[in-house]
2 protein chains.
Amino acid sequence: MLAEFELIARCFDRSTGRALGVDVGIGDDGAVVSLTAGNSLVVVTDTIVAGVHFPAYTPAHAVGYRALAVNLSDIAAMGATPRWASLALALPDAEAEWVADFAAGFFMLADAYNVELIGGDTVSGPLVATVTVHGEVTAGMAALRSTASEGDAIYVTGNLGDAVAGRLSEGDTDAERYLAERFLYPTPRVHEGLSLRGIASAMIDISDGLHADLDHLLLASGLGAELRLDALPLSPQLLDTVGRDQAIEMALLGGDDYELCFTVPAGQNEIFQALVSSWECPVAHIGITVASEGQRWHDGAQQLYVVPDSGFDHFMAAVDELPEDAG
Amino acid sequence: MLAEFELIARCFDRSTGRALGVDVGIGDDGAVVSLTAGNSLVVVTDTIVAGVHFPAYTPAHAVGYRALAVNLSDIAAMGATPRWASLALALPDAEAEWVADFAAGFFMLADAYNVELIGGDTVSGPLVATVTVHGEVTAGMAALRSTASEGDAIYVTGNLGDAVAGRLSEGDTDAERYLAERFLYPTPRVHEGLSLRGIASAMIDISDGLHADLDHLLLASGLGAELRLDALPLSPQLLDTVGRDQAIEMALLGGDDYELCFTVPAGQNEIFQALVSSWECPVAHIGITVASEGQRWHDGAQQLYVVPDSGFDHFMAAVDELPEDAG
């Protein structure tokens, strides 16, 4: 058993050369890396569990991609440059093919962002993947949740709600297959997060749904917000598949979108508009921060939308039910 | 469910002040820390799984202690100073009492070594704890496995074999209770590892058993070793409980001891002897490195001891069987 897991651990050892800053990589008791002078270290950790954060039948390639993506999204929200990752992987069986697919998904994303795997642990156990990503940021320049000011404009990247719809979809139509892909392969907004450093006054990633995560930002900053329901960025595929009412609930409560939510002070608006004109990903102006606490979502000119009182659990029931046509 | 896990996550947030070097601790998307100028970062990660690395009935306090201890042992083997830890904890139930006990065990050890918890993730899932510890080391001074030379003396700290005997023991005698304690609360040799920096030519921690881990060191250094069976440090409690033959097998193959194995060049012997005279933990001179590969264990003057051909699995059968009198 140990021998099998040692063989499998080698799937993750690609250290032919040494990446920048890596003095000692995989193969010793620990890794040794060196930061650029003047930079601080940013550390993020996220765990994904089969049957909780993804259905047990999710392809290994997508699980490997996801284990890193959810962490890169946190690095993005800190305005940091991702550098080095550690992977702790518990596996029920030492199936070489599954692990090779997992590693391919992990490295596809790692290579796209120049992230070096510097160590980890592969053990026998239920399927749980924990990744820690280390990034660098100029000292004092990390983007926090707690630093928004009254009157800042509130923005989100990408489209919201696609991921939860994709997780629940049967994949029968092109739109459903698009949504499933958004669930399986979320795009961490690393470049966008980096470029917002010094421009956004506060930033968070949307992993639990916009409503819950914006609440975290507002509470940390001691603010509330006025928001426009019709400004929520909803993909045509989501609207076609579930209709507007359900799409709004999924955008606000669904989670797993891994987009960024951030605030921009009026004084930074001009430079921000110039910046986003060069982005490939869409960005939506959804509201403004105010002094009085809480989120007030306006549907049209006067009508107030009451956000259903539930977050993460709202769409979780079916997470581990195999779609009928997926067997 | 989410709310319960958020409440539980607060068990781990003790950030009243900020430890040295911590710019942003628990509560944002990531933590931000600053290294001392001239230091490199050392990163270690280890995962422990209920029923694999510890019996499922292990007290929560010991599980929390262990999750950190196994990582501090790796930091010790790198000759680094532990600084900051991340904890990813998957839990079947959000039982506040269990988590409070786990946190108490974790922080008992963290406080002893001035380790600050800077972040983590608490999720629903089977009981799996992954800890990543970040340490600092003067650039270029990390202790590696690959740097031993021919003719270096080989040493180990502490006594070997106690942990595996303790894991299998019924706790009927004082000796068995001592061994069980050694399994539940291993002492990471952080101070010893640090003080050996610049003195030991190579170092590794003994987590898989002396035979397997010394092999790692020897292979990485391109060496073999001549070793003396009668120099193996065996506790009176282990000898009393299982006898000499079994004690030797447990010392060589048992694992979970979390002691250090290291090599000392002849030129460093004088300073090394002066150093260890101030240690509280015992140290045993068990052999010498040689050019020809493999480990040769001598039992007395001429007789060669054949190490049984099995490692980690050797004593694993009973890991999850509840001792009859422990229910």
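Student: How many residues of chain A are in contact with residues of chain B?

Tutor: The size of an interface is often given as the accessible area lost when the parts come together. Here we can instead count residues in this predicted model, where 51 residues of chain A are in contact with 51 residues of chain B.

Student: Which elements give two or more residues to the side of chain A that touches chain B?

Tutor: Strands S1 (22-24), S2 (31-33), S3 (39-49), S4 (81-91), S5 (116-124), S6 (128-138) and S8 (202-206) of chain A do so, together with helix H2 (60-77) of chain A. S3(A) gives the most, with nine residues, and by class the side of chain A that touches chain B has 28 nonpolar, 14 polar and nine charged residues.

Student: Which strand of chain B is joined to S2(A), and how do the two run?

Tutor: S2(A) is joined by three bridges to strand S3 (residues 39-49) of chain B, and these strands run antiparallel. Within that arrangement, Val32(A) stands opposite Val42(B), a residue of S3(B).

Student: What domains does the assignment give within chain A?

Tutor: The assignment gives domain 1 (2-13 + 35-138) and domain 2 (153-313) of chain A, and their C-alpha centres lie 25 Å apart. The contact takes 15 residues from domain 1 of chain A and 17 residues from domain 2 of chain A.

Student: Which element supplies the largest share of the domain 1 side of that contact in chain A?

Tutor: H2 and S4 of chain A each supply at least two residues of that side, and the largest share, ten residues, comes from H2(A). The residues on the domain 1 side that touches domain 2 of chain A divide into ten nonpolar, four polar and one charged.

Conventions: Residues are numbered from 1 along each chain as its sequence is written. Chains are lettered from A and ligands numbered from 1 in the order in which they are written. This is a predicted model: local features need pLDDT of at least 70, side-chain atom pairs count only at pLDDT 80 or more; totals for chains, interfaces and linings use all residues. Two residues are in contact if their C-beta atoms, placed from the backbone, lie within 7 Å. Helices (H or I, at least four residues) and strands (E, at least two) are DSSP runs, numbered from the N terminus. Ala, Val, Leu, Ile, Met, Phe, Trp, Tyr, Cys and Pro count as nonpolar, Asp, Glu, Lys and Arg as charged, and the others, Gly among them, as polar. Two strands pair if DSSP finds at least two bridges between them. Domain bounds come from an automatic or database domain assignment.
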